[in-house]
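Here are some comments on the structure below. They are set out as numbered points, to be read with the structure open.

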Amino acid sequence: MAGLEEFSDLQSFERHMQEKVQELSELLAKGDLSAAMQRLAELSEARNRVLYQEVGRLTRGLHEAIKAFNIDVENSTAFHTSASGAEVSEVANANERLNYVLELTEGAANTTMDMVDASMPVAEEIGEQARLLREDWKRMADSKSSMDELKDLGRSTEAFLIEIENGSNTLHKNFTEILLAQGFQDITGQLITRVIGLVNEVESSLVNLVAVAGKVDSIAGRKQEESAFVSDADAAMQAEEKLVKGHGPQLHTEEATDVVADQDEVDDLLSSLGF
Amino acid sequence: MKILIVDDFSTMRRIIKNLLRDLGFNNTVEADDGSTALPVLKNGGIDFLVTDWNMPGMSGLELLEQVRADPSLCKLPVLMVTAEAKREQIIRAAQAGVNGYVVKPFTAAVLKEKIEKIFERIG
């Protein structure tokens with residue numbers, strides 16, 4: 001029976017429908033009612049099939065997008081959650097990944113600050129010792145010192161140089177750790193890129209879904225209603241809510257006119273308000 | 001001089017705390033949003049408030065409004081340190097009675113300048 005083939009897209013369904021309608025009107029013109037009813041039944045069946053087919057196609061697309069998100073990061077040694085290998089929904093894990101990003105960035109920031117905390121006293125101590133030694137040398141140059149005093153100064157200079165060596169080693173070690181702590185950027189970058197990719201795929205699938213829903217509505221013969229209407233009062237309330245709760249960090253501050261680009265603009269705005 | 005630092009990110013609280021310590025303010029306490037900060041403020045003894053804007057629970061602006069509405073707290077100097085950068089927000093914060101506004105990311109020099117300016121003005 002004609003019409004059981006899969007429709008590769010909605011256009012082919014439309015063509016199929018046009019053919020059937022053509023046949024239908026020809027049959028009706030000929031007065032062959034039973035064959036005409038047969039065409040009608042085929043049309044209805046094709047309508048249902050194209051609907052299931054579209055939903056199925058979208059489901060597969062979404063599934064592929066979600067599976068694609070599953071790869072690679074699991075293999076990273078830095079990602080130490082249990083990699084069971086089982087096919088789980090990664091949408092459910094997207095939140096977890098973002099939480100992990102938070103955890104990693106927080107850890108790196110704290111490590112860095114720990115190292116800064118540990119390094120500052122070293123630098124200060126070296127500076128302080130240098131200052132004392134410089135004063136000793138100055139006193140030496142200003143006066144006639146004995147051989148013993150000269151030897152003392154030599155010894156304290158040697159001690160200072162040892163301290164610089166040790167301090168330099170400590171600072172080098174700390175700086176290396178600060179450097180390593182920035183490694184979070186690699187992993188978090190990957191995680192975020194993947195979440196962005198997933199979100200994009202979900203978005204385009206949703207757009208398709210909306211398009212198909214529109215098609216399905218027209219196939220089902222329903223008119224679409226405009227439901228996106230928001231009253232001015234509602235919009236104003238939402239804007240106020242956003243304002244009070246905060247919009248979050250602003251991107252592209254250079255281009256946007258309702259956003260300040262830097263502290264200078266904040267200061268200008270405030271001073272224009274009498275601050 | 002006791003300073004309350006309010007931010008939902010512990011990293012940012014730590015950064016501000018360290019910067020304040022460098023400026024000679026060693027006595028700081030922390031809260032992670034407006035609703036945990038308010039009881040601390042009401043308990044008294046806080047001389048200066050540094051707050052973020054966008055936080056879960058009570059936002060920094062709501063906290064500022066609560067502070068200004070409370071007779072015992074209404075004179076408290078408030079510095080906002082936030083990534084919120086819309087002009088209407090800065091105007092709103094100014095209207096609500098903020099004493100200073102610093103946008104993230106900021107430098108130690110900017111924070112120092114704003115704090116000094118606030119103390120200069122309130123004498």
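1. This is a predicted model. The largest nonpolar core has 35 residues, and the members that touch the most others in that core are Leu4(B), Val50(B) and Met80(B).

2. Leu4(B) is a useful place to begin looking. If neighbours within four places in sequence are set aside, the contacts of Leu4(B) are Val29(B), Ala31(B), Ala37(B), Val40(B), Leu41(B), Ile46(B) and Leu49(B). Two residues in that list, Ala37(B) and Leu41(B), reappear in the next point: both belong to helix 2 of chain B, on the part that meets helix 3 of chain B.

3. Next, the helix pairs. Two packed helices are described by the angle between their axes and the distance between the axes. For helix 2 (residues 34-42) and helix 3 (residues 60-69) of chain B, the axes come within 9 Å and the crossing angle is roughly 25°. Angles under 35 degrees count as roughly parallel, and therefore helix 2 of chain B and helix 3 of chain B are described as roughly parallel to each other. Their crossing is right-handed.

4. Which residues in helix 2 of chain B meet helix 3 of chain B? From helix 2 of chain B they are Gly34(B), Ala37(B), Leu38(B) and Leu41(B), and they meet Gly60(B), Glu62(B), Leu63(B), Gln66(B) and Val67(B) of helix 3 of chain B. Sorted by class, this contact has five nonpolar, three polar and one charged residues.

5. Helix 3 of chain B also packs with helix 4 (residues 87-96) of chain B, at an angle of about 15° and with the axes 9 Å apart. The angle makes this pair, helix 3 and helix 4 of chain B, roughly parallel. Here the crossing is left-handed.

6. In this second pair, Leu61(B), Leu64(B), Glu65(B) and Arg68(B) of helix 3 of chain B meet Arg92(B), Ala93(B) and Ala96(B) of helix 4 of chain B. The contact of helix 3 with helix 4 of chain B divides into four nonpolar, no polar and three charged residues.

7. The last point is the contact between the chains. How many residues does each chain give to the contact? Chain A gives 21 residues and chain B gives 25 residues. On the side of chain A that touches chain B, the elements giving two or more residues are helix 3 (90-142), helix 6 (232-245) and helix 7 (263-272) of chain A. Helix 7 of chain A gives the most to that side, with four residues. By class, the residues of chain A on that side are twelve nonpolar, six polar and three charged.

Technical notes
Residues are numbered from 1 along each chain as its sequence is written. Chains are lettered from A and ligands numbered from 1 in the order in which they are written. This is a predicted model: local features need pLDDT of at least 70, side-chain atom pairs count only at pLDDT 80 or more; totals for chains, interfaces and linings use all residues. Axes are lines fitted to C-alpha atoms, for helices over the stretch in contact, and angles run from 0 to 180 degrees between N-to-C directions. Angles under 35 degrees count as roughly parallel, over 145 as roughly antiparallel, 65 to 115 as roughly perpendicular and the rest as oblique. A crossing is left-handed if the near helix is turned anticlockwise from the far one by less than a right angle, and right-handed if clockwise. Two residues are in contact if their C-beta atoms, placed from the backbone, lie within 7 Å. Ala, Val, Leu, Ile, Met, Phe, Trp, Tyr, Cys and Pro count as nonpolar, Asp, Glu, Lys and Arg as charged, and the others, Gly among them, as polar. A nonpolar core is a set of buried Ala, Val, Leu, Ile, Met, Phe, Trp, Tyr and Cys residues joined through C-beta atoms within 7 Å. A residue is buried if 20 or more other C-beta atoms lie within 10 Å of its own, exposed if 12 or fewer, and partly exposed in between; C-beta atoms are placed from the backbone.
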